[in-house]
Every structure is written in structure tokens, then in C-alpha cells.
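Reader: I've just opened this one and I'm not sure where to begin. Could you walk me through it?

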Amino acid sequence: MALFAVIGLGSFGATVATQLMSLKHEVIGIDLNKKYVESISDELTHAVIADATDEHVLDELNVQNCEAVVVAIGEDIEASILCVLHLKNMGVKKIWAKSKSKAHHMILTHLGVDKIIHPEEDMGVRIAQSLSYPMVSRYMALEDNRYLVKIEIHTEQSGIKLNQLMDHASEIKTILHKRGPVVQYILDPHLILKEGDILLVEGLLEPLRRLSKHFKNL
Ligand code: ATP
């Protein structure tokens with residue numbers, strides 16, 4: 001059993017953190033976003049709302065004693081770089097970082113990051129991570145970057161109309177709705193979703209990711 005830290009608990013970071021926990025490791029999760037931290041806090045050894053670009057914060061959290069630190073911040077390249085710099089200065093043994101672009105990759109290489117992860121390029125890994133939200137219970141990769149995804153409606157989405165949910169990703173096609181034993185293929189956009197309902201949707205990865213994020217924020 002080893003101690004790890006995962007910085008950035010978006011879909012990628014949260015997946016890495018929970019996977020490490022399921023492998024019986026200890027994991028400190030850090031994110032600026034209170035909602036992300038709260039949604040995962042029961043599953044991690046320690047989950048903290050903090051700015052990982054602040055070296056004092058990293059110091060207080062004892063990340064230097066971790067076997068490895070995973071920097072799972074992608075969008076905010078500056079934050080990712082600053083955080084890696086501090087981790088390097090603190091003498092963290094192993095740093096893995098997520099990269100979103102070629103420039104980001106180059107900078108991380110120069111900083112001496114041990115492993116650079118490109119979730120966007122590895123389709124198998126990417127879909128698992130991108131869609132690793134609790135409501136996605138199954139998915140199947142079709143051709144041309146299209147996926148078929150089974151979604152389970154939880155309490156948070158209960159009471160929402162189907163069109164309210166799908167408006168966030170109008171490119172996604174809802175193929176069926178199942179409530180108990182009843183399956184419907186022609187769907188009323190005003191259908192009010194209930195906990196336990198199943199939706200089967202199909203679409204490209206990007207809109208599916210958007211839909212996943214919307215679900216997560218409900
Ligand atoms: P994913 O695809 O994994 O959901 P993303 O690429 O959409 O990630 P990112 O911008 O990479 O999102 O951010 C991942 C997480 O990192 C977010 O939850 C964000 O709140 C967190 N984050 C960003 N900056 C910091 C920071 N300075 N300190 C701590 N967490 C941060």
C-alpha cells in the first residue's frame with residue numbers, strides 16, 4: 001500500500017484517484033472546486049479543497065511523502081505548470097501529469113515530469129475516463145468516434161425533463177427510455193425523468209462529455 005496524491009478531480013483525476021483506492025492505496029485528492037471534492041470525499045483517504053498552485057498548501061498536505069503525484073489539471077496550463085514546478089522543488093519522487101496540447105507536453109517534458117498522460121489521444125482510456133461519471137453504467141464504442149452510452153438516472157436528475165437534460169448536447173440522440181419493464185423508443189421531450197430510469201443515448205465523444213459534465217453538476 002502506498003500514498004498517492006491526485007491534483008485536479010475532474011473526470012480524469014477522479015477516475016485515477018478512485019482506481020488507486022480500489023487497488024488499496026491511500027489517496028489525497030485536491031481540487032479548487034468544492035463540488036468535485038465533496039462528491040468524492042467519501043471515496044478517498046483525504047479530499048481537500050485547495051489551490052495546488054500554492055506551494056504552502058502542497059507542503060501542508062505533505063505531498064512530498066507521496067509515492068507519486070498525479071497532476072490532472074488540463075485546461076489551466078499555467079496552473080498545471082506551476083503545480084509541477086512546486087512538486088519538483090519539493091522533491092516529489094514521481095510526477096505524472098495530464099497534458100492537453102503539444103505546447104503543454106513540451107513544457108512538462110522540460111520540467112522533468114516522469115510520465116505525461118494524453119487521455120484525449122488514447123481512445124480506450126479516454127472514453128473510460130471522460131465518461132467515468134456515476135450515471136454512465138455502460139458504453140460501447142461504435143465507429144468514427146461515436147459511442148452508445150447507457151445512462152442511469154439518479155436522485156439528482158430526478159424530476160428533470162428529458163429535453164432540459166438533452167438541451168446541453170442537442171447532437172446526442174436518445175434511442176430509448178426504460179422505466180421498470182416499460183421501454184419506449186419514441187420519446188416525449190417533456191418526459192419527466194425519475195430515479196432508476198435508464199436512457200440509451202448515442203453520439204460523438206465531445207457532446208457526450210458535455211452531457212456527462214452537466215450531469216455531474218446537477
Ligand atoms: P477532465 O476531462 O478530467 O474532467 P478537464 O480537462 O475538463 O478535466 P481541467 O481543466 O483539466 O478539466 O481540470 C481538472 C480539474 O482540476 C478541475 O476539477 C479543476 O477544478 C481542477 N483544478 C484546476 N486548477 C486547479 C488548481 N489550481 N488547484 C486545484 N485544482 C485545480
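Reader: Let's start with one residue: how does Arg210 count by its relative accessibility?

Author: Happy to, and keep in mind that this is a predicted model. Buried would need under 20% relative accessible area, and exposed would need over 50%. Arg210 comes in at 39%, so this residue counts as partly exposed.

Reader: Which side chain does Arg210 meet in a salt bridge?

Author: Look for a contact of 3.0 Å, N to O. Arg210 sits in helix H8, while the partner is in the loop between helix H7 (162-166) and strand E9 (173-179), so the pair ties together parts that are 39 residues apart in sequence. The partner has 45% relative accessibility and counts as partly exposed. The side chain that Arg210 meets is that of Glu171.

Reader: What span does helix H8 reach from its first C-alpha to its last?

Author: Helix H8 covers residues 205-217, which gives it 13 residues. At 1.5 Å a residue, the expected figure is 18 Å, and the helix comes close to that. From first C-alpha to last, H8 reaches 18 Å.

Reader: Which residues of H8 are buried?

Author: A residue needs under 20% relative accessible area to count here. Arg210 has 39%, so it stays off the list. The buried ones in H8 are Leu205, Pro207, Leu208, Arg209, Leu211, Ser212, His214 and Phe215.

Reader: Back to salt bridges: what is the N to O distance between Arg179 and Asp197?

Author: Arg179 lies in strand E9 and Asp197 in the loop between E10 and strand E11 (198-204). Arg179 is partly exposed, at 30%, whereas Asp197 is buried, at 1%. Their side chains meet at an N to O distance of 2.7 Å.

Reader: How many residues apart in sequence are the parts that Glu67 and Lys93 tie together?

Author: These two side chains meet in a salt bridge of 3.6 Å, N to O. Glu67 lies in the loop between helix H3 (55-60) and strand E4 (68-71), and Lys93 in the loop between helix H4 (77-89) and strand E5 (95-98), so the parts tied together are 26 residues apart.

Reader: Is Lys93 buried or exposed?

Author: Its partner Glu67 is partly exposed, with a relative accessible area of 35%. Lys93 has 54%, and the cut-off for exposed is over 50%. So Lys93 is exposed.

Reader: How many salt bridges does the count come to?

Author: You've already met Arg210 with Glu171, Arg179 with Asp197, and Glu67 with Lys93. Those are among the full set, and the count comes to six.

Reader: Which residues make the nonpolar surface patch of about 360 Å²?

Author: One member is in strand E10 (residues 182-184). That residue, Val183, is partly exposed at 34%, and patch members need over 30% relative accessible area. The patch is made by Val183, Tyr185 and Ile186.

Reader: Zooming out, what is the radius of gyration of the protein?

Author: The C-alpha atoms fill a box of roughly 60 × 35 × 25 Å along the principal axes. With 218 residues, a compact globule would have a radius near 17 Å, and the protein agrees with that, at 19 Å.

Reader: Last one: what share of the accessible surface belongs to carbon and sulfur atoms?

Author: The secondary structure comes to eight helices and 11 strands, and 44% of the residues count as buried. The accessible surface is about 11,400 Å². The carbon and sulfur share of that surface is 54%.

Definitions and conventions:
Residues numbered from 1 in each chain as written. Predicted model: local features only at pLDDT ≥ 70, side-chain atom pairs only at ≥ 80, totals over all residues. Heavy atoms only, no water. Patch = residues over 30% accessible without salt bridge, like charges linked within 9 Å, V, L, I, M, F, W, Y side chains within 5 Å. Areas by Shrake-Rupley, 256 points an atom, 1.4 Å probe, with all protein chains shown as cover. Salt bridge = Lys/Arg side-chain N within 4 Å of Asp/Glu carboxyl O. Helix = DSSP H or I, 4+ residues; strand = E, 2+ residues; numbered from the N terminus. Buried < 20%, exposed > 50% of the residue type's maximum accessible area, 1.4 Å probe, protein only. Rg over C-alpha atoms; globule rule 2.2 N^0.38 Å. Expected span 1.5 Å × (residues − 1).
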